[in-house]
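I opened this notebook to record what I looked up, entry by entry, for someone meeting the structure for the first time.

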Amino acid sequence: SDVCSSDLAVFLKLDITKAESKLGWQPVWELSHTLEKIIDWHRAWLDKEDIQAICLAEIEEYTRDMNK
């Protein structure tokens, strides 16, 4: 069965409280989007795609989303 991202966060004990309180950090992407990116990256790596190009595209997308 599928695990929703909030269940996964609880399972992994993900907590950004310190980053928020001490650094004023807020996530740019939601957990579900981030996990999709990780899965896509690993699939591309397994398929021997151009990982450098994929990483640069992800950095560009993240930077664009960060500046919204």
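**Entry 1: the two sides of a helix**

I looked up which residues of α4 are covered, and found that Ile 51, Glu 58, Glu 61 and Asp 65 are buried, where buried means under 20% relative accessible area, exposed over 50% and partly exposed in between, with a 1.4 Å probe and protein chains only. These four cover an arc of only 90 degrees around the axis, which puts them on the same side of α4; the arc is that of the directions from the helix axis to the C-beta atoms. I noted the general rule that an α-helix has 3.6 residues a turn, so residues three or four places apart point the same way.

On the other side of α4, I found Gln 52, Leu 56, Ile 59 and Glu 60 exposed. The buried residues of α4 pack against α3, residues 31–46, with contact meaning heavy atoms within 4.5 Å.

I kept in mind that this is a predicted model, in which local features need pLDDT of at least 70 and side-chain atom pairs count only at pLDDT 80 or more, while totals for chains, interfaces and linings use all residues. Residues are numbered from 1 along each chain as its sequence is written, and side-chain values use heavy atoms, with hydrogens and water left out.

**Entry 2: length and start of α4**

Helices here are DSSP runs (H or I, at least four residues), numbered from the N terminus. I checked the span of α4, residues 51–66: at 1.5 Å a residue its 16 residues should span 22 Å, and its end C-alpha atoms are 22 Å apart, which agrees; the expected span is 1.5 Å times one less than the number of residues. At the start of α4, a side-chain oxygen of Asp 50 reaches to within 3.3 Å of the backbone nitrogen of Gln 52.

**Entry 3: salt bridges**

How many salt bridges are there? I counted three, taking a side-chain nitrogen of Lys or Arg within 4 Å of a carboxyl oxygen of Asp or Glu.

One of them joins Lys 37 and Glu 61 at 2.6 Å, N to O. Lys 37 lies in α3 and Glu 61 in α4, so the pair ties together parts that are 24 residues apart in sequence, and both residues are buried.

Asp 65 meets Arg 64 at 4.0 Å, N to O, and also Lys 68, with the closest N and O atoms 3.5 Å apart. Salt bridges that share partners join Arg 64, Asp 65 and Lys 68 into one network. Within this network I noted that Asp 65 counts as buried at 16% relative accessibility, Arg 64 is partly exposed at 49%, and Lys 68 counts as exposed at 79%.

Note on methods. Helix = DSSP H or I, 4+ residues; strand = E, 2+ residues; numbered from the N terminus. Polar contact = N/O pair within 3.5 Å; in protein donor to acceptor, adjacent residues only side chain to side chain.
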